[in-house]
Amino acid sequence: MTWEPQIAAFCCNWCGYAAADQAGAAKMEYPAGVKIVRLMCTGMMDPYYVLRAFERGFDGVLVVGCHVGSCHYKSGNLQAKEQLDRVDRVVRALGLGGRLAMTAASAAEGNVFADAARDFTEKVRKLGPNPLRQAVPA
Amino acid sequence: MTEAVVIPVGVSEPSAAPDAALRTLAQEGCIQCNKCTFACPVHRVDVLFSPRKVILQAYLGGGDDVTERDLWACLTCGECQAVCPTQVPYPAFIREKREKLRDVMDRAAPCKHGGFKDLVAEIMAKPNLMQDRRQWIGDGLKVADTGDTIYFTGCMPYLDGIFSYCDSAEIGRAAIRIMNAAGIVPVVSNLERCCGHDALWNGKRETFETLAKRNAKWIVDSGAKRLVTACAECYYMLKHEYPKVIGPWPLEVLHMSELIGELVKDGRLTFAKPVPLLVTYQDPCRLGRHAKEYDAPREVLQAIPGLTFVEMDRVRENSMCCGVGAYSNCDAQTKFMQQERLEEAASKADHMVTACPHCRIHFSCYLDGKPVDPLPPLKIVDLTVLAAQALG
């Protein structure tokens, strides 16, 4: 069995998740390793979620929120950005640099979501499997 | 008339007690004098919390009667043990209780920061980890991959990613600067793991032992002669808890304050630049009451030219805790404890020096937010950073 990057994609209810939904409705293809977790807002993206995903063996964490200025809760995406920049320092120190990314896709941008999922999966593929995963499939 | 409750004082056969935690307690006999309660910083803000009552319940309830609230409210700061006439090891008792009850409690230990810090320690215990933990070392600082002296950074490289209100990496840079000034090029290794302090004190002995074994392996293999750390928790763990798991160290474990004292005495380090500040010193519980190191940090403060050092009223073994132990207890009551200690410090000086990065974080956190009552201007400084300022 070949290794496929497993990505935890945290999507906000109003933009990121709707974009993923739109991508599905429009039958756009994106890698099957992308697993979607819906949050009400990326502002509730707890640093714990990021580390927990890595601890459980995910190879990458992608956070998809609204574009700047169009957050349903005014500033949740900006808070998430600030929070994730800080968490990224911890992630890099743990030797997992490059495996955490944040992007924005509006509810109508299914293609943006699918492209981001594809690009991020390819980026993670170059980094190889998450070293924290106990048994890495050959 | 009700029958008087008899407490089994100093149980004669420790092995008769089925519970390891109770055995710890039984080595010394609690005489129910209640001195601990009045020394306890938690009791001052929460009158229902009493170490004496917890001990009584533990005896009467056969060892399972410590409530979850009492179990996690304890800061394990050791003020109770310091005043106890029979030296009952209350922090050790609580630690063993946490180990025992961790699995049966309704929820996991209440690690603040949503469990983030606990999880970092869990991840560090994993075998294939390839850390990149030397990013904070700036230009002009010399570190090596092999050598006689190891600088054990602890969780310091990770703290900046969590606590935005205080620059923890400056402690590391200051420590390396001091060592470089004395001609020491310290080893800073990517193989280093968390010391396991929070894991052990939050009842995760397995995680702690894994971390201890992984750390011991690279430290012993490096062939270094001494290990220096600027953190009170790492120092206490490496010096006093690690030998219980991995056997005696083939090297010397030093706190930064001890190393600075030694270097100043040998004439290898001179403080040339006066630091005209009025400071007071907060004894960290892990360095003070737990590791019994009170004098080394004070000697460093006295060696810095231009510095005026005044003691607070409650110092050394009576020193008051910063309010948070092992990141497991921080709530509204903590803020009252911190207010009390900071008021005391502010009445004596305008800078509070501490030798533990965690005391610094907890006090800075309080000052960063909205104090309970207005406080005079006060700054929290780390001892190592202060000493580096005097280098010029």
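User: Which residue of E4(A) does A:Val64 stand opposite?

Analyst: Keep in mind that this is a predicted model. Strands E3(A) and E4(A), the latter covering residues 100-104, pair in the parallel sense over five bridges. Across from A:Val64 in E4(A) sits A:Thr103.

User: And which residue of E3(A) is the bridge partner of A:Cys11?

Analyst: Strand E1 of chain A (residues 7-12) also pairs with E3(A), in the parallel sense and over five bridges. For A:Cys11, the bridge partner in E3(A) is A:Val64.

User: Is E3(A) largely enclosed or left open by the rest of the structure?

Analyst: Let's look at both sides of the strand. In a regular strand, side chains alternate between the two faces of the sheet. Here A:Gly60, A:Leu62 and A:Val64 point one way, A:Val61, A:Val63 and A:Gly65 point the other way, and all are buried. That's six of the six residues, so E3(A) is largely enclosed.

User: What handedness does the β-α-β unit with E3(A) have?

Analyst: The pieces are E3(A), helix H3 of chain A (residues 76-93) and E4(A). Together they make a β-α-β unit that is right-handed.

User: Over to chain B: how wide an arc do the buried residues of H17(B) cover?

Analyst: An α-helix has 3.6 residues a turn, so residues three or four places apart point the same way. In H17(B), the buried ones are B:Thr334, B:Met337, B:Gln338, B:Arg341, B:Leu342 and B:Ala345. They lie on the same side of H17(B), because the arc they cover around the axis is only 125 degrees.

Note on methods:
Residues numbered from 1 in each chain as written. Chains lettered and ligands numbered in written order. Predicted model: local features only at pLDDT ≥ 70, side-chain atom pairs only at ≥ 80, totals over all residues. Buried ≥ 20, exposed ≤ 12 C-beta atoms within 10 Å, placed from the backbone. Helix = DSSP H or I, 4+ residues; strand = E, 2+ residues; numbered from the N terminus. Pairing = 2+ DSSP bridges. Right-handed = clockwise from strand over helix to strand, strands pointing away. Arc of directions from axis to C-beta.
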